[in-house]
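Student: I'd like to go through a structure with you and ask what lies behind the labels people put on it. Can we take it step by step?

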Amino acid sequence: TEVCAGEPFTLTASGASSYAWHDGEMGPSINLSLDQDMTYSVTAKNADGCTTEESIDITVKPSPSFEINGPAEICPGQVVQLKVPLNQNWSYKWSQSAMGSILSTVNIAPEQNTRYSVTVTDKRSNCSAEDSQEVLINNTLAFSIEGPDAVCSGSPAILSIVQNDDYEYKWSTGSNENEVTVSPTSSTVYSATVTDPTRGCTGIQSKEVKANRVIPKIHGPSFVCAGTTIDLRAGGGVSYQWEDGQTDDTITVTLTKTTDFRLTVTDALDCTADVQKRIEVYPTPTLEVDGNTEICSNQSTDLFLDTDVRDATITWTADGNLGSTSGSGPNGSMITDLLVNNTMEKQTTTYVIKAEAPNGCG
């Protein structure tokens with residue numbers, strides 16, 4: 001006899017063979033939903049044709065009447081409010097997607113299209129009503145930044161976003177165009193903010209551009225003695241171009257003077273860099289020996305040793321029929337030997353003399 005406004009319910013008559021309700025419905029049961037008090041009557045007839053009438057008074061209790069207010073479309077990441085009228089006689093229960101709030105207002109930030117519902121109960125009548133609203137995500141600003149992932153260090157790269165005349169653009173470089181030219185010298189992250197002023201939506205994307213830096217190298221000694229043959233080996237890339245036109249990674253050279261070697265190195269991304277290496281060539285000292293080369297037995301002679309290199313070290317060895325000796329000394333050294341020949345035949349002693357400069361050349 002008591003129902004909530006708008007709540008569906010069923011009236012059922014029994015005890016007869018046929019039933020006719022006053023609103024024209026036929027049958028033992030009728031399904032109703034009322035928004036005001038009402039009296040329902042039914043006329044029943046049995047198998048013998050006898051009739052009787054019965055009525056029932058139905059009281060309709062008030063149910064909350066409301067609707068959800070809030071945007072039906074939002075931008076990705078945007079926080080918005082859904083609300084229903086505030087009434088001190090009402091209690092509220094939002095769906096789980098709205099965190100089960102018991103307030104008349106909830107803040108939401110859906111990541112995808114979501115339907116929110118709320119059940120409102122009138123605490124006086126204990127009658128409830130429910131409403132729901134779907135909130136759609138406007139993904140018109142789901143854009144990407146096009147451009148190379150890596151460039152040669154300092155070389156230009158074009159980063160772009162698909163052009164839309166209705167949008168506003170703002171790059172981390174300060175540019176307000178949909179396309180920007182950058183020249184990174186190290187790995188750099190560039191970001192772009194795109195705004196749709198008509199909807200108030202803003203999207204942000206970023207892209208890292210790596211700067212490929214070629215580190216060219218020439219492997220080899222920094223100094224050599226004049227006339228030395230050495231190998232110079234290139235490194236830091238996949239192809240090489242020496243100043244003289246050679247393209248091998250290793251070249252063989254014989255140096256007689258200080259020389260600068262220049263090399264262009266290219267890596268797998270076709271980035272290039274130049275390197276120069278100077279190889280100092282130290283001169284080989286000259287050696288002069290003054291003295292007699294023929295003497296009589298039991299005589300001595302002085303051999304005077306001199307070089308053109310200051311602080312050179314002079315060493316000597318002597319071996320022959322007339323004895324052996326060895327020694328060392330600075331520039332301007334003297335060898336004095338007494339040679340005795342006990343035979344009637346000519347005898348010879350050979351002196352081997354070497355000069356070595358402080359830089360190791362000799």
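Tutor: Let's go through the fold, then the charged pairs, then two backbone oddities.

Student: Before that, what kind of model is this?

Tutor: It's a predicted model.

Student: What makes up the secondary structure of the chain?

Tutor: Strands: the chain has 31 of them and zero helices.

Student: How do you know whether the chain is spread out or a compact globule?

Tutor: Set the radius of gyration against the globule rule. For 362 residues the rule gives 21 Å, and the chain comes out at 53 Å, well over that, so it is more spread out than a compact globule. The box around the C-alpha atoms, taken along the principal axes, is roughly 180 × 45 × 40 Å.

Student: How much of the chain counts as buried?

Tutor: Of the 362 residues, 34% do, and the cut-off for that label is under 20% relative accessible area. The chain exposes about 21900 Å², with carbon and sulfur atoms supplying 45% of that area.

Student: And what about the charges of the chain?

Tutor: There are 21 positive and 47 negative ones, and their mean positions are 4 Å apart.

Student: How many salt bridges does the structure hold?

Tutor: Five. Let's look at some of them.

Student: Why is the pair Asp149 and Lys207 called a salt bridge?

Tutor: The label needs a side-chain nitrogen of Lys or Arg within 4 Å of a carboxyl oxygen of Asp or Glu. The closest N and O atoms of Asp149 and Lys207 are 2.7 Å apart, so the pair qualifies.

Student: What does that pair tie together?

Tutor: Asp149 is in the loop between β12 and β13, while Lys207 is in strand β18, so the salt bridge links parts that are 58 residues apart in sequence.

Student: Are those two residues buried or exposed?

Tutor: One of each. Asp149 has 53% relative accessibility, and exposed means over 50%, so Asp149 counts as exposed. Lys207 has 13%, which is under 20%, so Lys207 counts as buried.

Student: How do you know that Arg115 and Glu134 form a salt bridge?

Tutor: Same kind of check: N to O is 3.8 Å, and the limit is 4 Å, so the pair passes. Arg115 belongs to strand β11 and Glu134 to strand β12, so the pair joins parts 19 residues apart in sequence.

Student: Why is Glu134 called partly exposed?

Tutor: Glu134 has 35% relative accessibility, and partly exposed covers what lies between 20% and 50%, so the label fits.

Student: What makes Arg262 and Glu243 a salt bridge?

Tutor: Their closest N and O atoms are 3.4 Å apart, so they are within the 4 Å limit. Arg262 sits in strand β24 and Glu243 in the loop between β22 and β23, so this pair ties together parts that are 19 residues apart in sequence. Arg262 is partly exposed at 36%, whereas Glu243 counts as exposed at 54%.

Student: Now the backbone. What makes Asn126 stand out?

Tutor: Asn126 has a positive phi, about 65°, although it is not a glycine. Asn126 is found in the loop between β11 and β12. Its relative accessible area is 61%, over the 50% cut-off, so Asn126 counts as exposed.

Student: And what about Asn298?

Tutor: Asn298 isn't a glycine either, and its phi is positive at about 70°. Asn298 lies in the loop between β26 and β27. With a relative accessible area of 52%, over 50%, Asn298 is called exposed.

Technical notes: Residues numbered from 1 in each chain as written. Predicted model: local features only at pLDDT ≥ 70, side-chain atom pairs only at ≥ 80, totals over all residues. Heavy atoms only, no water. Helix = DSSP H or I, 4+ residues; strand = E, 2+ residues; numbered from the N terminus. Buried < 20%, exposed > 50% of the residue type's maximum accessible area, 1.4 Å probe, protein only. Rg over C-alpha atoms; globule rule 2.2 N^0.38 Å. Areas by Shrake-Rupley, 256 points an atom, 1.4 Å probe, with all protein chains shown as cover. Lys, Arg positive; Asp, Glu negative; His and termini not counted. Charge placed at Lys NZ, Arg CZ, Asp CG, Glu CD.
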